Each structure stands twice: as C-alpha cells, then as structure tokens.
Amino acid sequence: MALQLDTALIKTASRCNYDCSYCYVYQGKDTSWRAQPKRMGLDVIDSLVDRLIHQANAQAAGFAIVLHGGEPLLLGLENLTILVKKLREKLDSQRYPISLQTNGALLNKEFLDLFSKEKVSVSVSIDGDQGANDIARVDVNGKTTFSKTIKGIQALRSHTDSEFLFAGTLSVIQPSIPAKITYDFLKSIGSPNMDFLMQDGNHDRLPQGKSSFKSTEYGDWLCELFECYTSDSSPVPIRFFDDIVRLILGDSGTKEGQGTDPYGILIFETDGEIRKNDTLRSSFDGADFFTSRWNVRDTKISEVLSSKEFSEYARMQIPICESCNSCEYLSVCGGGMPLYRWSESNGYDSPSVYCHDHMKIIRSVKERLLLEGVECT
Ligand code: SF4
C-alpha cells in the first residue's frame with residue numbers, strides 16, 4: 001500500500017540571511033539552490049495549496065506542514081499571509097498542524113500576529129549559549145548572529161499568544177560545549193521543547209568533532225544531556241529522548257531518523273518542484289531529486305506517493321546493511337538518517353556514521369529505564 005503524506009516541507013524561500021558554516025543547503029555539495037527562485041511566487045503558492053488540499057481529501061490521515069528555507073520569513077509578510085490563509089481556509093489546525101522553522105532574526109509582531117491568527121507554531125534554531133551558537137551560526141560577514149536570534153525569541157515570548165506560538169528550539173549538537181551548559185541555557189531562555197540534531201557528515205566526511213567511526217563524542221554528549229534531563233525536577237521535554245523511550249517500550253517514534261517506521265516526507269521547492277528529503281543534499285549534488293522532476297504545477301501529490309520511485313525513496317529510510325539488520329538496537333536506532341549512512345563507495349548501504357554514538361545513548365536510556373523498574377522490549 002502507498003504511504004500517505006506525513007510531512008509537507010515547504011521551502012518558502014531558497015536563500016538565507018545567515019551563513020551557518022555547517023548548513024547542508026549552502027555549504028554542502030549541492031548547488032541546485034542557486035537555480036531556484038529566491039522566494040515562492042503566488043502562482044506556485046496557488047498550485048501547491050490546491051495540491052495539498054486535494055491530498056488532504058484523498059488520504060485518511062492528517063499531515064504536518066512545515067514552513068522552511070533557507071529562512072522561511074524571507075518570503076515576506078504579504079505572501080506568507082496569502083499562503084497560510086489559503087491553507088487554513090481548508091485545513092484545520094488539529095489534523096494539519098503548520099509550523100515554521102526559523103533562525104528568529106526577522107520575527108516581529110506582524111509575523112507573530114499572523115501566526116497566532118492562523119495557528120502557525122514557531123520553532124527557533126539556536127545551538128545553545130553564545131559560545132555554542134557562535135561556532136557555526138554566523139552571518140554572511142562571519143559575524144555572530146546570537147543577539148538577533150535572542151531578540152526573535154524575546155519577541156516570541158512576549159507575544160500574548162506565546163504559549164501556543166513558541167513550539168521550541170532546534171539545536172545542532174556542538175560536542176565541544178558541555179551538554180549541561182546547553183541544556184541550562186535553552187531552559188533559561190524559555191524553550192518549551194528542545195530537539196537536537198547530529199551534525200551532517202558521512203563515512204567519507206566525518207561529522208565535525210567526531211574522530212572516527214568508532215568514537216563516541218556525540219554519544220557521550222547525549223548521555224550527559226540525558227543526565228541533565230533526568231536529574232531535573234522540572235525538565236523541559238526533549239523529543240530525541242522521548243522517542244528513544246517510546247521505541248524501547250515498543251511504541252512508534254515521531255520523526256525520521258529513529259525507529260523503523262517509514263515517513264511520507266515531501267519537499268516543495270520555491271519553483272514548485274517536488275523533491276525527496278533535502279538533508280540528502282549533503283551526500284552528493286542532486287541526491288534529493290526524483291528522476292521524474294515532478295512539479296506541483298502539473299502533478300498531483302497522490303501520483304508521486306503511488307509511484308515506484310517514491311516507494312524506493314521511502315524504503316531508503318530503513319537500513320539494508322547486514323550490520324544494521326542483525327543489530328539488537330535496530331528497532332530504536334533505525335540506522336539513523338540516510339544521509340549519515342552515505343559513502344561514495346557504498347552508497348547508503350552502511351550503518352550510520354553515528355552507529356557507536358547511537359548504541360551508547362540507547363544503552364544508557366535502557367539502563368536507566370531498567371533501574372526505574374520499567375520493563376523494556
Ligand atoms: S546502532 Fe549501528 S548497526 Fe545498529 S541499527 Fe543503528 S546504525 Fe545500524
């Protein structure tokens with residue numbers, strides 16, 4: 001049976017006002033963003049909204065809509081208003097949550113009033129305190145972006161609807177900064193939910209701060225973070241750990257990269273092209289293209305979802321290598337995100353470059369659950 005649409009990730013703008021050194025879009029091997037219109041035009045917005053509404057009527061489950069970039073606020077207030085109003089006219093906020101992933105610099109009252117009215121929640125990308133954030137999150141002149149992001153978070157927190165609006169923070173792990181400093185800082189700025197990402201990397205290009213395939217710098221950092229989480233009497237939810245616990249207990253995860261459930265994720269570029277998960281771009285130039293080069297102007301989403309090429313792409317989420325398939329951690333780890341399995345010589349047919357980090361943190365969470373007397377699968 002064809003997968004249903006699970007996440008529609010919309011690239012409202014294909015450029016960014018920051019120039020983060022680890023960015024998989026602008027600093028990686030992919031160059032296709034250069035050919036994209038800087039912002040999504042009204043004709044593409046019309047076609048895209050029609051396709052999403054059609055898909056909502058064609059499938060039983062709801063789906064999440066994520067406004068993404070580049071920096072999604074670069075679309076501008078006028079066109080963003082048109083996009084979210086059109087979506088909300090037909091798609092209710094319960095079954096079709098809309099969220100925006102932003103660096104926070106352009107957040108102001110006008111945007112926030114719109115998001116409050118149309119039920120769009122906001123997650124802010126920030127890697128921790130200024131020391132952590134300044135490692136990679138800089139502007140086009142290489143200068144710190146920290147105060148701009150903090151100003152955006154302050155605008156978010158001071159809005160009358162902040163409880164709904166502020167969905168949380170998304171941080172790329174900086175293993176050289178103690179996890180406790182990062183956790184305490186994110187808590188101090190009022191993050192209501194934290195999520196963390198490993199840095200991009202693969203078997204040909206090791207992630208920043210990782211010395212070898214077998215090293216566990218990220219696993220160690222995550223164990224330290226888990227300790228902060230579990231020893232805090234009023235902890236801020238951390239999606240990464242909550243999913244590990246769910247999966248250990250035999251339930252499903254909620255996001256690609258953990259567990260073995262495939263997710264129906266499609267990316268919509270500013271010119272309307274429909275693509276695979278854009279994180280694949282860090283593997284090689286064009287890694288996120290479907291051969292068919294579908295576009296919302298001429299293709300229904302259901303046609304993409306029922307295609308052979310989409311099934312092959314969805315199957316990529318599940319690792320095929322022997323090490324993963326015989327691994328006791330597979331049901332929780334899921335082989336990690338496909339981009340981390342890449343090598344020129346082996347394609348995606350290897351365990352994650354974070355394999356030993358995954359094992360370390362999963363073991364640690366499991367031990368903790370057993371200590372608490374929780375029965376694990
Ligand atoms: S821990 Fe390693 S071998 Fe096991 S499933 Fe994850 S990536 Fe594969």
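This report walks through two residues, the internal cavities and the cysteines of a predicted model.

## Glu269, a buried loop residue

Let's start with Glu269. Look for this residue in the loop that runs between strand 7 (265–268) and strand 8 (274–275). Is Glu269 buried or exposed? Its relative accessibility is 2%, so Glu269 counts as buried.

Who surrounds this residue? Setting aside neighbours within four places in sequence, Glu269 is in contact with Lys11, Gln36, Met40, Val44, Arg275, Arg281 and Asp288.

## The cavities

How many cavities of 30 Å³ or more does a search of the whole structure find? The search turns up four. The largest cavity holds about 60 Å³ of space. It is lined by 13 residues, and those closest to its centre are Lys11, Ser14, Trp33, Glu269 and Arg281. Here we meet Glu269 again, along with Lys11 and Arg281, which are among its contacts. Sorted by class, the lining of the largest cavity comprises four nonpolar, five polar and four charged residues.

The second largest cavity has a volume of about 50 Å³. Around this second cavity you will find Glu256, Gly257, Gln258, Gly259, Asp261, Gln317, Ile318, Cys333, Gly334 and Gly336. By class, that lining divides into two nonpolar, six polar and two charged residues.

## Asn325, a partly exposed helix residue

Next, turn to Asn325, which sits in helix 12 (residues 322–325). With a relative accessibility of 45%, Asn325 counts as partly exposed, because this value falls between the 20% limit for buried and the 50% limit for exposed.

Apart from neighbours within four places in sequence, Asn325 is in contact with Pro319, Ile320 and Leu330. For Ile320 there is a further detail: the side chain of Asn325 reaches the backbone oxygen of Ile320 at 3.1 Å. For a longer view across the model, pick out Ile126, which is 199 residues from Asn325 in sequence and 35 Å from it in space, C-alpha to C-alpha.

## Cysteines without disulfides

How many disulfides does a search of the whole structure find? The result is zero. Why is Cys16 not bonded to Cys20? Cys20 has the closest cysteine sulfur to that of Cys16, but the distance is 6.2 Å, which is too far for a bond because a disulfide needs the two sulfur atoms within 2.5 Å. Cys228 is in no disulfide either, and the nearest cysteine sulfur, belonging to Cys223, is 11 Å away.

The two residues also have their own surroundings to compare. Cys16 is partly exposed, with a relative accessible area of 25%, whereas Cys228 is buried, at 11%.

Methods
Residues numbered from 1 in each chain as written. Predicted model: local features only at pLDDT ≥ 70, side-chain atom pairs only at ≥ 80, totals over all residues. Heavy atoms only, no water. Helix = DSSP H or I, 4+ residues; strand = E, 2+ residues; numbered from the N terminus. Buried < 20%, exposed > 50% of the residue type's maximum accessible area, 1.4 Å probe, protein only. Contact = heavy atoms within 4.5 Å. Polar contact = N/O pair within 3.5 Å; in protein donor to acceptor, adjacent residues only side chain to side chain. 1 Å grid on protein atoms, 1.4 Å probe; cavity = no way out; pocket = protein on both sides within 12 Å on 5 of 7 lines; lining within 4 Å. Points joined across faces, edges and corners; volume = space filled by probe spheres on them. Nonpolar A, V, L, I, M, F, W, Y, C, P; charged D, E, K, R; others polar.
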